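Please read the following account with the structure open beside it, moving from a single residue outward to the sheet, the helices around it and the nonpolar cores.

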Amino acid sequence: MTKIVFACKSNSCRSQMAEGWAKDWLKRQKELLEKAESFSSKDHADCSCSLAEETGSDSLLRRLESKEDIERRRSILDRVVVTSVALDSSSVFKCETGACCGDTCETPSQRKEVKSKAVAAMKEDGVDISNSRPKTLQEILPILSKSTENETNAVDDVSAVYSSTLFVSKIEGGQGQGEKKVVDRLIVLCSCGNDIKRKLVRRSKSVEEWDIDAPTAASKVGEGDGAYRRVSLEIRNEVNILMDSLLGF
């Protein structure tokens, strides 16, 4: 399995956008493989024409010329897991007391929402992240640590696994898992300090930091709500490069 995790401080904007774009990339690639497979070898010319119109890439068509290559790509895609997470667990919740002390909070906590302007920006380009929810490291680690494909794929539905209201103290944070590196590619999309990133970084085999503006800050200094879509498209470009690399593009 190739486990890709996008992270920012609260998992309410940039990392959610990245997860949405990565899942959209996987969906489009699988749809492309299905279309390529639906054409028989005698219709190869028609297949190339149809796919060229959709992808605009002759080099991509060359990669789809053989059944062996289609199966190779499908095998890679089926073994990719994408999720996102908050670097600061306490930023995911609003406590009934009005303040939360993070992983040791003993009061009922309400999970925050993904920023509505981030959802709207993604929707403009056909990607729906309205059902996504901020997630903590303590929640995703046990799922990422699963060894079998069926178990690991459950991370795609991690937002549905946890109720919106819970006791943060009951999230165990992968106790007993030691410092096993369960993340293959960690992408950090905020300029958080090393202390807040340390827990996740030491569980990751590879770490990248993308220089992506915080749209909330950009929107407040003259750019307005358009900052969210600009940032969304910038993230899409970076995600496409990252995901293409999995297939050797």
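Leaving aside its neighbours within four places in sequence, which residues is Gln29 in contact with? In this predicted model, Gln29 is in contact with Arg73, Leu77 and Leu247 once those sequence neighbours are set aside. Gln29 has its place in helix 1, and because its relative accessibility is 8%, under the 20% limit, it counts as buried. The contact with Arg73 has a polar component, for the side chains of Gln29 and Arg73 are joined by a polar contact of 2.5 Å.

From helix 1 the view can be widened to the sheet. Four strands, in the order 2-1-6-7, form an open sheet whose pairing is parallel. Its edges are strand 2 and strand 7 (207-209), each of which pairs on one side only, and from one strand to the next the twist averages 20 degrees. Strand 1 and strand 2 run parallel and are joined by seven bridges; along this pair, Cys8 stands opposite Ala86 in strand 2. Helix 1 packs on the sheet, where it touches strand 1 and strand 2, and its direction makes about 170 degrees with that of strand 2. Helix 9 (residues 194-201) also packs on the sheet, touching strand 1, strand 2, strand 6 (185-188) and strand 7, with a direction that makes about 160 degrees with that of strand 6.

Within strand 2, Ser84 deserves a separate look. Ser84 counts as buried because its relative accessibility is 0%. Its side chain makes two kinds of pairing worth tracing in turn: a polar contact of 2.5 Å with the side chain of Glu19, and a polar contact of 3.3 Å with the side chain of Lys135. Not counting residues up to four places away in sequence, the residues that Ser84 touches are Phe6, Asn11, Ser15, Gln16, Glu19, Lys135 and Ile140.

Phe6 leads on to the nonpolar interior. The largest nonpolar core has 34 residues, and those touching the most other members are Phe6, Met17, Ile235, Val239 and Met243. Two or more residues of this core come from each of strand 1 (2-8), helix 1 (14-38), helix 4 (67-78), strand 2 (80-86), helix 5 (116-124) and helix 11 (226-246). Helix 1 gives the most, with eight residues. Apart from this core lies another, of 16 residues, which includes Val182, Val183, Val188 and Cys192. As a general background, nonpolar side chains tend to be buried together in soluble globular proteins.

Helix 10 shows how burial can be distributed around an axis. Which residues of helix 10 (residues 215-223) are buried? They are Pro215, Ala218 and Ser219, and because they cover an arc of only 100 degrees around the axis, they lie on the same side of helix 10. In general, an α-helix has 3.6 residues a turn, so residues three or four places apart point the same way. The cover over the buried residues of helix 10 includes helix 1 and helix 11, whereas the face turned away from the buried side carries the exposed residues Lys220 and Val221. Just after helix 10, Gly224 takes a positive phi of about 75 degrees.

How values were computed:
Residues are numbered from 1 along each chain as its sequence is written. This is a predicted model: local features need pLDDT of at least 70, side-chain atom pairs count only at pLDDT 80 or more; totals for chains, interfaces and linings use all residues. Side-chain values use heavy atoms; hydrogens and water are left out. A nonpolar core is a set of buried Ala, Val, Leu, Ile, Met, Phe, Trp, Tyr and Cys residues joined through side-chain atoms within 4.5 Å. Buried means under 20% relative accessible area, exposed over 50%, partly exposed in between (1.4 Å probe, protein chains only). A polar contact is a pair of N or O atoms within 3.5 Å; within protein, one must be able to donate a hydrogen and the other to accept it, and residues adjacent in sequence count only if both atoms are side-chain atoms. Contact means heavy atoms within 4.5 Å. The arc is that of the directions from the helix axis to the C-beta atoms. Two strands pair if DSSP finds at least two bridges between them. Axes are lines fitted to C-alpha atoms, for helices over the stretch in contact, and angles run from 0 to 180 degrees between N-to-C directions.
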